[in-house]
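Hello,

Here is the structure I promised to pass on to you. Have a look at it first, and then read on for what turned up in it.

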Amino acid sequence: MNIKPDQLESPGVLRNIKTTIPNADGLRLPEVFKFVARLMLLSTVFYYVTAECAARLSQQPEPATQNATIGPPVSPVGDITQLAHNLYLVPGGGCNTVVFVMERGVLVVDTKYAPHAPVLLDRIREVTDKPVTHVINTHSHPDHTMGNIAMPSGTEFIVHSRTAENMTRNEALAQIPVQTFRDRLTLFSGAEVVDLYHFGPAHTGGDILVVFRAAGVMHAGDIFKGKRVPVIVTQGGGGAIAYGETMSRAVAEIQNVTHVVTGHGPVSTWQDFTDYGEFVNRIIAHARTSKTAGKDVAQAMREFSLPPKYRSYDLKDLAYAFKSVYVEVRPWWHFWYSPLQAFFRR
Ligand SMILES: [Zn+2]
């Protein structure tokens with residue numbers, strides 16, 4: 001509209017101008033809300049895209065030596081050795097397997113890679129004629145579960161509910177029906193009591209600790225790496241910061257265990273397990289503080305120190321563990337991003 005100066009004197013023209021030119025009166029309160037809502041929506045999308053890209057880029061693959069799918073050359077199945085009365089260990093072939101000979105049958109904790117499961121069954125036959133009736137998987141990784149397919153028909157499989165969910169992604173394992181639990185489960189009675197605990201995410205989202213009550217022996221699976229840096233597999237629901245809380249709860253709540261079987265490696269003591277909980281929490285606390293202070297992983301690692309009791313620990317995967325924590329440490333305003341992230345990751 002072309003307005004000549006003399007036309008401005010006309011009230012009619014002024015009315016027209018008011019209706020077509022935005023002014024301060026036009027920005028009413030609902031408009032402000034709409035503007036803020038749009039801004040939040042846009043910034044949410046922007047934050048989701050950038051944060052998710054950054055998280056994926058900085059997410060380190062599981063250290064090659066611990067990769068559950070590819071992994072190192074698998075050691076052959078070892079000899080069966082006795083841990084306690086009616087309780088045995090069979091190492092190698094993918095993982096440490098615990099064999100519990102009961103009145104009516106045999107309970108197996110972790111079944112190795114499938115090609116090694118027949119050898120495992122041979123080892124079991126060296127100590128008993130009873131059939132395998134129950135299997136517990138400490139978590140979903142194939143070096144601990146693929147042997148399930150070689151177990152006799154009628155075997156009952158017991159796993160954490162998140163492990164069951166992870167196993168459905170494997171075509172062979174998805175065919176096998178499993179019984180699940182969430183926090184705690186006690187099996188059998190008398191001298192055969194077996195306690196199953198889940199305290200939260202750690203190595204995966206479905207790690208369980210299996211305690212043979214009469215023997216005071218626990219199979220900890222891969223949540224306990226002996227004297228090595230923890231491995232966090234987020235694809236299976238694992239979590240770095242949760243790892244520390246899970247270990248602390250396990251140390252505080254489990255009673256009367258003297259020996260602990262690791263997922264791989266030598267049998268350890270309860271004191272070793274307790275020290276490991278402290279070790280994991282020291283890593284997490286230091287990485288968290290360093291990230292919050294704006295330090296990069298290299299600087300955080302340079303400034304990290306451990307008490308002398310950890311001198312013999314293998315720290316070669318420390319950078320990986322630090323990066324796992326760094327990915328999880330978010331700014332305070334992340335609270336309205338988390339539900340979105342959970343939704344998209346389902
Ligand atoms: Zn594992």
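Before we start, one term will help: a crossing of two helices is called left-handed if the near helix is turned anticlockwise from the far one by less than a right angle, and right-handed if it is turned clockwise. Please also keep in mind that this is a predicted model.

With that term in hand, look at helix 7 (residues 240-253) and helix 8 (residues 270-292). Helix 7 passes helix 8 in a left-handed crossing. Their axes come within 9 Å and cross at roughly 150°. Angles over 145 degrees count as roughly antiparallel, and therefore that is how helix 7 and helix 8 lie to each other. Which residues of helix 7 meet helix 8? They are A240, I241, Y243, G244, M247, S248, A250 and V251, and on the side of helix 8 they meet T274, Y276, G277, V280, N281 and I284. Sorted by class, this contact has nine nonpolar residues, five polar ones and no charged ones.

Now for the chain as a whole. It has 346 residues, of which 36% are buried. Its secondary structure comes to eleven helices and 13 strands. If you take the contacts between residues at least 6 apart in sequence, 62% of them join residues at least 24 apart.

Next, the sheets. As a reminder, strands of a sheet pair through backbone hydrogen bonds, either parallel or antiparallel.

One open sheet is built from seven strands in the order 1-2-3-4-5-6-7, with mixed pairing. Strand 1 (81-84) and strand 7 (179-181) are at its edges; each has a single partner strand, so one side of each is left without a neighbour in the sheet. On average, neighbouring strands here are turned by 25° against each other, ignoring direction. For a closer view of one edge, find strand 6 (residues 156-160), which pairs with strand 7 in the parallel sense over three bridges. There, V159 has T180 in strand 7 as its bridge partner.

Another open sheet has six strands in the order 8-9-10-11-12-13, and its pairing is mixed too. Its edge strands are strand 8 and strand 13 (268-269), each of which pairs on one side only. You can walk through part of this sheet step by step:

- Strand 8 (residues 184-187) and strand 9 (residues 194-197) are antiparallel and share four bridges. R184 has Y197 in strand 9 as its bridge partner. Six residues lie between the strands of this hairpin, where F188 takes a positive phi near 65°.
- Strand 9 is joined to strand 10 (residues 209-212) by four bridges, and these two run antiparallel. Here D195 stands opposite V211 in strand 10.
- Strand 11 pairs with strand 12 (residues 259-262) in the parallel sense, over four bridges. M218 stands opposite V260 in strand 12.

While you are at strand 11 (residues 217-221), stop at G221, which lies in it. Is G221 buried or exposed? A residue counts as buried if 20 or more other C-beta atoms lie within 10 Å of its own; G221 has 28 and is therefore buried. Leaving out residues up to four places away in sequence, G221 touches D110, T138, H139, H144, D207 and G263. The C-alpha atoms of G221 and V109 are separated by 9.1 Å, although these residues are 112 apart along the chain.

Finally, two loop residues deserve a look for their backbone angles. Most residues other than glycine have a negative phi. N86 is not a glycine, yet its phi is positive, at about 65°. You will find N86 in the loop between strand 1 and strand 2 (87-90). With 20 C-beta neighbours inside 10 Å, N86 counts as buried. K112 is not a glycine either, and has a positive phi of about 70°. K112 lies in the loop between strand 4 (106-109) and helix 3 (117-125). K112 also counts as buried, with 29 C-beta neighbours inside 10 Å.

Enjoy exploring the model, and write back with any questions.

Best wishes

How values were computed:
Residues numbered from 1 in each chain as written. Predicted model: local features only at pLDDT ≥ 70, side-chain atom pairs only at ≥ 80, totals over all residues. Buried ≥ 20, exposed ≤ 12 C-beta atoms within 10 Å, placed from the backbone. Contact = placed C-beta atoms within 7 Å. Pairing = 2+ DSSP bridges. Axes fitted to C-alpha atoms, helices over the stretch in contact; angles between N-to-C directions. Parallel < 35°, antiparallel > 145°, perpendicular 65-115°, else oblique. Nonpolar A, V, L, I, M, F, W, Y, C, P; charged D, E, K, R; others polar.
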